[in-house]
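User: Could you show me how to read a sheet and the helices that pack on it?

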Amino acid sequence: MDSLTQIVLGAAVGEATLGKKVGNKALLYGAIAGTIPDLDVMANFFTDTITAIELHRGFSHSIAFSVMFSPILGWLVNRLERKANLGWKPWAKLFFWGLFTHPLLDAFTTWGTQLFWPFKIRLAFNSIFVIDPLYTMPFLILTLTVLFYKRDSKTRRRLNTTGLALSTGYLLLTLVIKEVVYKKFEQALKDQGIKHSKISTRPAPLNTILWNANIETPDSYLIADYSFFDAVPISFTAYPKNRKESAKMMEYPNVKRLMAITEGWFILEQKEGQWYFYDLRFGLIPRKDLRPFFAFTYVLEEVNGRITATETPKTDRDAQYLIQVLWQRIKGKS
């Protein structure tokens, strides 16, 4: 999830753990704990694109990381907060839950987490977008309100508990919604006589009303979307896999690494002599020229017999246009 959401979750978990004993400092240190796992993005400055992708939401988002670093952080904070006279164990408990709930929340997103590192299992429920106001805003308001009550206040504890309960309930609801949506796509494929091997669904940005789907067929991937307000059948757009054309490119070790990262949801395409790698897991981004592009696209170049990947920049996107298109599509097709 986005940084703000993780800060709010960490703060609420910190409050639930030590709020009664240290007051607002529990919120502060919980917020810090909720931020720490995402420091893995620093790898972007020290390594190549593919390695950085592999490291993202890896070790720092694992149970092992939470277990290993919570005692260290607890000891450090205990040294800083000697006046609280708690000892390192309560602080370590706060940091464990702050560190652990971060990847637990991220597991509901499309990117997922390697919660069970060092085992190469990426847990991704694909049920919530990385920014979802309906999850974050009520949680944020309740957590901020906690600040204005004394640490031994029953109202303070109720507010914090309510924030945690509402946010958790919403997460569980997204799993139910995802199952309903999956059946909608499955039925549409059956009705249209489309044979397929796999379906992957995920919510569109900022909501859980509009959903996107990738469907694998022998020669192509079908991409479609569905809003709960749609009054017309689901339509599918085919994108060729190009497996025969890209067979040689797929033999390069770095390309194989990208293929493994996408868990098979990828397209390799050559345009004007240049190879592109599309990660299909995050869908398409609309453009004003009506030629959508994949959210995660990598330019592949051969240097001394080795393939390097460079992510295409997204700075030219028109945010206002994207929001308008998203809103119109959420309202449904008729």
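Analyst: We begin with the model itself, then turn to the sheet and the helices.
This is a predicted model, in which local features need pLDDT of at least 70 and side-chain atom pairs count only at pLDDT 80 or more, while totals for chains, interfaces and linings use all residues. Residues are numbered from 1 along each chain as its sequence is written, and side-chain values use heavy atoms, with hydrogens and water left out.

User: In what order do the strands lie in the open sheet?
Analyst: Strands of a sheet pair through backbone hydrogen bonds, either parallel or antiparallel. Here 4 strands, paired antiparallel, make an open sheet in the order β1-β2-β3-β4; strands (E, at least two residues) and helices (H or I, at least four) are DSSP runs numbered from the N terminus, and two strands pair if DSSP finds at least two bridges between them. β1 (198–203) and β4 (237–240) are at the edges with a single partner strand each, so one side of each has no neighbour in the sheet.

User: How many bridges join β3 to β4?
Analyst: Strand β3 (residues 220–227) is joined to the antiparallel β4 by 4 bridges, and Tyr 221 stands opposite Tyr 239 in β4.

User: Which strands does helix α7 touch?
Analyst: Contact means heavy atoms within 4.5 Å, and angles, from 0 to 180 degrees, are taken between N-to-C directions, with axes fitted to C-alpha atoms, for helices over the stretch in contact. Helix α7 (residues 154–191) packs on the sheet and touches β1, β2 (210–216) and β3, its direction making about 50° with that of β2, whereas helix α9 (residues 319–330) lies across β2 and β3 and runs at about 75° to β3.
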